[in-house]
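Below are my notes on the model you sent, set out as numbered points. Please read them with the structure open.

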Amino acid sequence: MQHLIDRFISYVTIDTESDANSNTTPSTKKQLVLANKLADELKTIGMTEVTIDKNGYVMGTLPSNVKEKVPTIGFVSHYDTSPDFSGANVKPRVVKNYDGGDIVLNKKRNIVLSPSYFKDLLLYKGQTLIVTDGTTLLGADDKAGLTEIVSAMEYLIQNPHIKHGKIRVGFTPDEEIGRGADLFDVKKFGADWAYTMDGSQVGELEYENFNAAGAKITFKGKSVHPGYAKGKMINSMLIANDFINALPAGETPQETKGYEGFFHVVGLSGSIEESKVELIIRDHDMKKFEARKKLVHDIVKNINKKFAKQFGEDIATAEVKDQYYNMREKVVPVMHIVDLAEKAMKDLGIKPLIKPIRGGTDGCRLSYMGLPCPNIFAGGHNFHGKYEYVPVESIQKAVDVIVRIAELTATGFSKGSVKK
Ligand SMILES: [Zn+2]
């Protein structure tokens, strides 16, 4: 397992924080340091067709070692880390044989990773954990994914008796700022389907995510001296407040789970003359998603009706934009790709945890770009913060899953153990 630890640490100690305020790709130049290292490493382990394009997308091929024609599969992960928390000067620490107690990340600042708060830790008693020093995130999201893909390819190259078809790997910048799929050349990648290695706990397998939209609603008002305001003043902030109150009660992120959708107010600003409400709309079900968007327009219509006489024109305007869609629609017609991953896990004694994502992934965008792409666990926990950690055993399990998926793609299809 030491080679997994060494590889992982060589990735997380390179700062690759992305930046939503930048218009370039990658959003930060420093991401290219790791991108170039990854391309070099793919060549070193013996991959072919290794390319890095001007936007920093890295691709490589492991050629098929079987005579029959079998599907080309892909594995994808992202090398940027979240701008939510510092990714500079990451000082990873290896905790061997974790005893199930508190882990002091930083004595001076009294930062403790404790199973009394993070109960998942107890799943990994006796294992080797990689943690932070309490001042940065770790970057297991998604450098655990990179480690797993590179190590699995290396393993397949070193063990040519394991049969596999053509395998493509792809490493992307800027996933954390929602742009990872933007410039991904699906045609050049040329896989029949792929998996992102970007989930959390061992066993996670996801092929359903939210349908997502963002809405901006602007309310106008009329400012008049408060002493002379009766019947004249319109306070746009109070109308914005009416709008928020007209959204269905209990349908917020903090009150929903599983397949329950929500409205989430993410921004609110105002003066008497003009106020703005920003919200995001999420639902797994396309019909319910459409109904949620319609409700926003309906509430706005009602407000406009109410103020039509007094204001003379529309007092409120809504701008609603779709952001991404549930990949389920694109994956269900090729459900064998999920079955295959599920079988790979079961073959390895890993219990598959199949659940809907309450968010989106690069894979959902890629699925709509013609590359069906479910998501598989990468092993880390507490992403985007100082409590992030990853058990090395989980990284190893993800490597095993990749290898097994590769093997099943070459053998399972012909033997019919996976239904097509
Ligand atoms: Zn990620």
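**Notes on the predicted model**

1. Strand S4 and strand S7 (residues 129-131) pair in the antiparallel sense, joined by three bridges. Within this pairing, arginine 93 has valine 131 of S7 as its bridge partner. This is a predicted model, and the remarks that follow should be read as such.

2. The two strands belong to an open sheet of three strands, with antiparallel pairing and the order S4-S7-S17. Its edges are strand S4 (93-95) and strand S17 (390-391), each of which pairs on one side only.

3. The domain assignment divides the protein into domain 1 (2-208 + 327-415) and domain 2 (211-324). Five residues from domain 1 and five residues from domain 2 make up the contact. On the side of domain 1 that touches domain 2, two residues are nonpolar, one is polar and two are charged. Taken over C-alpha atoms, the centres of domain 1 and domain 2 are separated by 38 Å.

4. Which residues does UniProt list for "active site"? The unreviewed entry gives Asp80 and Glu175. They are spread over 96 residues of sequence but cluster in space, with a largest C-alpha distance of 6.7 Å.

5. Aspartate 80 sits in the loop between strand S3 (73-78) and S4. It is buried, because 31 other C-beta atoms lie within 10 Å, and 20 or more is the cut-off for that class. Not counting residues up to four places away in sequence, aspartate 80 touches Thr16, Glu17, Ser18, Pro26, Gln31, Pro173, Asp174, Glu175 and Glu176. The other annotated residue, Glu175, is thus among the contacts of aspartate 80.

6. Glutamate 175 is placed in the loop between strand S8 (167-172) and helix H4 (186-189). Is glutamate 175 buried or exposed? Glutamate 175 is buried, with 26 other C-beta atoms within 10 Å. Leaving aside neighbours within four places in sequence, its contacts are His78, Asp80, Asp142, Gly180 and Asp362.

7. For "binding site", the unreviewed UniProt entry lists His78, Asp141 and Asp198. These residues span 121 residues in sequence, yet no two of their C-alpha atoms are more than 8.1 Å apart, so they gather at one spot. His78 also appears among the contacts of glutamate 175, a residue listed under "active site".

8. Aspartate 141 lies in helix H3 (residues 140-158). It counts as buried, because it has 26 C-beta neighbours inside 10 Å. Apart from neighbours within four places in sequence, aspartate 141 is in contact with Thr81, Ser82, Gly380, Phe383 and His384.

9. Aspartate 198 is part of strand S9 (residues 193-199). With 25 C-beta neighbours inside 10 Å, aspartate 198 also counts as buried. Residues up to four places away in sequence being left out, aspartate 198 touches Ser77, His78, Asp142, Gly145, Thr361, Asn375 and Ala378. His78, another residue of the "binding site" list, is therefore one of the contacts of aspartate 198.

10. Strand S8 deserves a separate point. Six of the six residues of S8 are buried, so this strand is largely enclosed by the rest of the structure. Ile167, Val169 and Phe171 point one way from S8, while Arg168, Gly170 and Thr172 point the other way, and all are buried.

11. S8 has pairing partners in S2 and S3. Strand S2 (residues 58-62) and S8 run antiparallel and are joined by five bridges; threonine 61 has arginine 168 of S8 as its bridge partner. S3 and S8 run parallel, with six bridges between them, and phenylalanine 75 stands opposite valine 169 in S8.

12. In helix H5 (residues 236-246), the buried residues are Ser236, Ile239, Ala240 and Phe243. Why do the buried residues of H5 line one face of the helix? Seen down the axis of H5, they fall within an arc of 105°, so they line one face. An α-helix has 3.6 residues a turn, so residues three or four places apart point the same way. The cover over the buried residues of H5 includes strand S11 (211-220), strand S12 (262-270), strand S13 (274-283), helix H6 (286-311) and strand S14 (316-324).

Methods
Residues numbered from 1 in each chain as written. Predicted model: local features only at pLDDT ≥ 70, side-chain atom pairs only at ≥ 80, totals over all residues. Pairing = 2+ DSSP bridges. Helix = DSSP H or I, 4+ residues; strand = E, 2+ residues; numbered from the N terminus. Domains from an automatic or database assignment. Contact = placed C-beta atoms within 7 Å. Nonpolar A, V, L, I, M, F, W, Y, C, P; charged D, E, K, R; others polar. UniProt positions renumbered as here; feature names shortened; annotations may be inferred. Buried ≥ 20, exposed ≤ 12 C-beta atoms within 10 Å, placed from the backbone. Arc of directions from axis to C-beta.
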